[in-house]
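The following exercises practise the reading of a protein model. Each one sets a task and then works through the solution step by step.

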Amino acid sequence: MEMTKWQFRNPYHDPRQDTERTFVFGPHTLKIKQQHWDKVDLHHNTGYIVWDGAYLLARFIFERAEIQGKRCLELGAGNGLVSIVAHYRGAKNVAATDMSEYLNFLRYNIAQNVSSEQQSSIDVYELLWGTTTNINPVDVVLGSEILYLSEQHEGLIKTLQQLMHAQSVAYFIYKERRLNEHQFTQMANSNGFTVREIPKSALDAEFADEPYHLLKVTKKN
Ligand SMILES: C[S@@+](CC[C@H](N)C(=O)[O-])C[C@H]1O[C@@H](n2cnc3c(N)ncnc32)[C@H](O)[C@@H]1O
């Protein structure tokens, strides 16, 4: 029997409409639930589907980032794909965070994809950007498609100041949508961080023609 390699893209189908999506990372096959709402805009219900950026960031950390043994935290985790893949990749523990309305959805996807014995290494927390958190600093912060609201950049930077120690690294992916996403880089650079763009060759080649940017953020010493 001929086997077809799993690919992200299927030109005959829009996977964003599915109630469940399948992703393959090495030996792991993930099932991620999506929930559809009548109202989806920049401010509502954005976390209930898997954005392509989440897949790209998950693929990057699975294949290229140093995650093993690290304490990781995802901001705006929504569907949980990136957090679950960080766990698969050997993170010591993962904090999947978002606004309170998404937390049950996140818990559901984690429970579907992580065995009950392993579930204690992924915690779900409410974390609103810019507010004080009592989560301790972590080694790796992850964020997919969370830079599209430029009015939130200041809050995100405050959150990074609380969550990152001197050696922490943050990876953010975004698609350029002309919503001033790039202002995040300038603001972070002026507030104690160094932002470097990772070459596009590090991303899944299926997306070579799309305007995705992967940023690596560190603290200035
Ligand atoms: C476009 S979705 C991306 C979801 C997921 N990371 C992905 O790429 O599939 C943006 C996410 O950021 C979260 N978010 C937006 N504003 C936020 C805020 N002020 N504090 C915390 N989370 C926020 C949303 O709830 C949502 O889950």
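What percentage of the 221 residues in the protein chain do buried residues make up? Buried residues make up 37% of them. Here a residue is buried if 20 or more other C-beta atoms, placed from the backbone, lie within 10 Å of its own, exposed if 12 or fewer do, and partly exposed in between.

Two remarks apply throughout. Residues are numbered from 1 along each chain as its sequence is written. The model is predicted: local features need pLDDT of at least 70, side-chain atom pairs count only at pLDDT 80 or more, and totals for chains, interfaces and linings use all residues.

**Exercise 1. Describe the overall form of the chain.**

Step 1. The protein chain contains five helices and nine strands. Helices (H or I, at least four residues) and strands (E, at least two) are DSSP runs, numbered from the N terminus.

Step 2. Along the sequence, these elements follow the pattern β-β-α-β-α-β-α-β-β-α-β-α-β-β.

Step 3. The C-alpha trace spans about 55 × 40 × 35 Å along its principal axes.

Step 4. The radius of gyration is taken over C-alpha atoms, and the globule rule is 2.2 Å times the number of residues to the power 0.38. A compact globule of 221 residues would have a radius of gyration near 17 Å; the protein chain has 17 Å, so the two agree.

Step 5. Of the contacts with a separation of 6 or more, 68% are between residues 24 or more positions apart. Two residues are in contact if their C-beta atoms, placed from the backbone, lie within 7 Å.

**Exercise 2. Trace the surroundings of strand 4.**

Step 1. Strand 4 comprises residues 93–98, and five of its six residues are buried.

Step 2. Strand 3 (residues 71–75) pairs with strand 4 in the parallel sense over four bridges. Two strands pair if DSSP finds at least two bridges between them. On this side, C72 stands opposite V94 in strand 4.

Step 3. Between strand 3 and strand 4 the chain passes through helix 2 (residues 81–88), and this β-α-β crossover is right-handed. The term applies if, with the strands pointing away from the viewer, the path from the first strand over the helix to the second runs clockwise.

Step 4. Strand 4 is also joined to strand 5 (residues 122–126) by five bridges, and these two strands run parallel. The bridge partner of T97 is Y125 in strand 5.

Step 5. The path from strand 4 to strand 5 leads through helix 3 (residues 103–113), and this β-α-β crossover is right-handed.

**Exercise 3. Identify the partners of strand 9.**

Step 1. Strand 9 (residues 212–219) pairs with strand 7 in the antiparallel sense over seven bridges. Y174 stands opposite H213 in strand 9.

Step 2. Strand 8 (residues 193–198) also pairs with strand 9 in the antiparallel sense, over six bridges. Here E197 stands opposite L215.

**Exercise 4. Examine the backbone in the loop between strand 7 and helix 5.**

Step 1. Begin with the general expectation. Most residues other than glycine have a negative phi.

Step 2. R178 lies in the loop between strand 7 (164–175) and helix 5 (183–189). Although R178 is not a glycine, its phi is positive, about 60 degrees.

Step 3. N180 is placed in the loop between strand 7 and helix 5. Its phi is positive, near 65 degrees, in a residue other than glycine.

Step 4. Are these residues exposed or partly exposed? R178 has 8 other C-beta atoms within 10 Å and is therefore exposed. N180 has 14 and is therefore partly exposed.

**Exercise 5. Locate Q68 and its contacts.**

Step 1. Q68 lies in the loop between helix 1 (52–63) and strand 3.

Step 2. Q68 counts as exposed because it has 10 C-beta neighbours inside 10 Å.

Step 3. Leaving aside residues up to four places away in sequence, Q68 touches R89 and G90. The C-alpha atoms of Q68 and A86, 18 residues apart along the chain, are separated by 8.4 Å.

**Exercise 6. Characterise the shell around the ligand.**

Step 1. Of the 19 residues around the ligand, G47, A54, G76, G78 and S144 come nearest. A residue is near a molecule if its C-beta atom, placed from the backbone, lies within 6 Å of it.

Step 2. The shell divides into nine nonpolar, eight polar and two charged residues. Ala, Val, Leu, Ile, Met, Phe, Trp, Tyr, Cys and Pro count as nonpolar, Asp, Glu, Lys and Arg as charged, and the others, Gly among them, as polar.
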